Amino acid sequence: MTSSPTDILDSLLSSTHRLTRIAAQETGRTTSPAVWRTLSILTTDGSLRIGELARASRVSQPTMTRLVQNLAEDELVYRIADVDDSRAWLIAVTEKGTAALLEWRGQLADALGHLFDDLDEGEWAALDHAAQLLAARVGTESRLDAEAVTA
């Protein structure tokens with residue numbers, strides 16, 4: 001029996017959420033997922049106003065304001081004056097923030113290695129193809145990766 005597109009997407013969503021939770025638990029790190037989500041959004045979407053960042057992260061604006069304040073204190077993000085509105089600020093990820101996010105993603109991938117040790121070359125090719133399809137559809141390629149490719 002062939003699965004419907006809705007069933008396939010449901011399975012992908014369920015599996016990727018579970019995969020992320022398993023990896024996060026296995027790293028033993030206690031950093032809030034909101035930190036990684038915020039850095040990831042800024043990496044893929046570029047600098048954003050607090051309200052836009054809050055909507056993208058699905059948190060309230062006051063919550064995002066506190067989160068950004070903490071991230072700025074840790075030098076993971078910085079504020080840029082918005083040239084379109086001198087009263088507003090844009091939030092951007094720093095090099096330190098990008099490095100922290102890349103390190104986190106590496107730790108997640110390492111934590112999952114044991115689940116995929118037995119895959120053969122064809123299965124790895126299928127996962128690679130699926131990852132490329134997903135990235136193309138949802139735009140998960142970071143701006144930094146795109147700049148490196150075009151440089």
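**Figure 1. A look at Ala-56 in helix 3 of a predicted model.** In this predicted model, Ala-56 sits within helix 3, which covers residues 50-57. Its relative accessibility is 37%, so Ala-56 counts as partly exposed. A good companion to look for in this view is Leu-42. Ala-56 and Leu-42 are separated by 14 residues in sequence, and their C-alpha atoms are 9.7 Å apart in space.

**Figure 2. The whole chain, for orientation.** Before going further into the details, here is the setting. The chain contains seven helices and three strands. Following the sequence from start to end, you meet them in the pattern α-α-β-α-α-β-β-α-α-α. The C-alpha trace spans about 55 × 35 × 30 Å along its principal axes. The chain has 151 residues, and 26% of them count as buried.

**Figure 3. Ser-40 and Leu-101, a pair separated in sequence.** Ser-40 belongs to helix 2. With 21% relative accessibility, Ser-40 is classed as partly exposed; the class of buried residues ends where the value is no longer under 20%. Now find Leu-101 in the view. Counting along the sequence, 61 residues separate Ser-40 from Leu-101, while the distance in space is 7.1 Å from C-alpha to C-alpha.

**Figure 4. Trp-36 and Trp-104, a stacked aromatic pair.** The count of aromatic pairs comes to two. In this view, Trp-36 and Trp-104 form a stacked pair, with ring centres 5.0 Å apart and 10 degrees between the planes. Trp-36 is part of helix 2 (residues 33-45) and Trp-104 is part of helix 5, so their pairing ties together parts of the chain that lie 68 residues apart in sequence. How much of each partner is accessible? Trp-36 has a relative accessible area of 8%, so this residue is buried. Trp-104 has a value of 7% and is buried too.

**Figure 5. Phe-116 and Trp-124, a tilted aromatic pair.** Phe-116 and Trp-124 also form an aromatic pair, this one tilted. The ring centres are 6.2 Å apart, and the planes make an angle of 45 degrees. Are these two partners buried or partly exposed? Phe-116 is partly exposed because its relative accessibility is 24%. Trp-124 is likewise partly exposed, with a relative accessible area of 44%.

**Figure 6. Arg-49 and Asp-82, joined by a salt bridge.** Side chains of opposite charge can pair when their charged atoms come close. This structure holds three salt bridges. In the one shown here, the side chains of Arg-49 and Asp-82 meet at a distance of 2.8 Å, N to O. Their salt bridge links distant parts of the chain, 33 residues apart: Arg-49 is in strand 1 (residues 48-49), and Asp-82 is in the loop between strand 2 (77-81) and strand 3 (89-93). Arg-49 has a relative accessible area of 29%, so this residue is partly exposed. Asp-82, in contrast, is buried, with a value of 7%.

**Figure 7. Asp-85 and the salt-bridge network.** Which residue forms a salt bridge with Asp-85 at 3.7 Å? The partner is Arg-49, with that distance taken between the closest N and O atoms. The two residues are 36 apart in sequence, so this pair links distant parts of the chain, from strand 1 to the loop between strand 2 and strand 3. Asp-85 is buried, with a relative accessible area of 16%. The side chain of Asp-85 also meets that of Arg-87 in a salt bridge, 3.1 Å from N to O. Arg-87 is exposed, with a relative accessible area of 70%. Through shared partners, the salt bridges join Arg-49, Asp-82, Asp-85 and Arg-87 into one network.

**Figure 8. A patch of negative charge on the surface.** Which residues gather in this patch? They are Asp-117, Asp-118, Asp-120, Glu-121 and Glu-123. To place yourself, start from Asp-118, found in the loop between helix 5 (95-112) and helix 6 (121-138). Asp-118 has a relative accessible area of 66%, so this member of the patch is exposed.

Note on methods:
Residues are numbered from 1 along each chain as its sequence is written. This is a predicted model: local features need pLDDT of at least 70, side-chain atom pairs count only at pLDDT 80 or more; totals for chains, interfaces and linings use all residues. Side-chain values use heavy atoms; hydrogens and water are left out. Patches are made of residues with over 30% relative accessible area and no salt bridge: like charges are joined within 9 Å, nonpolar side chains (Val, Leu, Ile, Met, Phe, Trp, Tyr) within 5 Å. Accessible areas come from the Shrake-Rupley method with a 1.4 Å probe; for residues, only the protein chains shown count as cover. A salt bridge is a side-chain nitrogen of Lys or Arg within 4 Å of a carboxyl oxygen of Asp or Glu. Lys and Arg count as positive and Asp and Glu as negative; His and the chain ends are not counted. The place of a charge is taken as NZ of Lys, CZ of Arg, CG of Asp or CD of Glu. Helices (H or I, at least four residues) and strands (E, at least two) are DSSP runs, numbered from the N terminus. Buried means under 20% relative accessible area, exposed over 50%, partly exposed in between (1.4 Å probe, protein chains only). Rings of Phe, Tyr and Trp (its six-membered ring) pair if their centres lie within 6.5 Å; planes under 30 degrees apart count as stacked, over 60 as edge-to-face and the rest as tilted.
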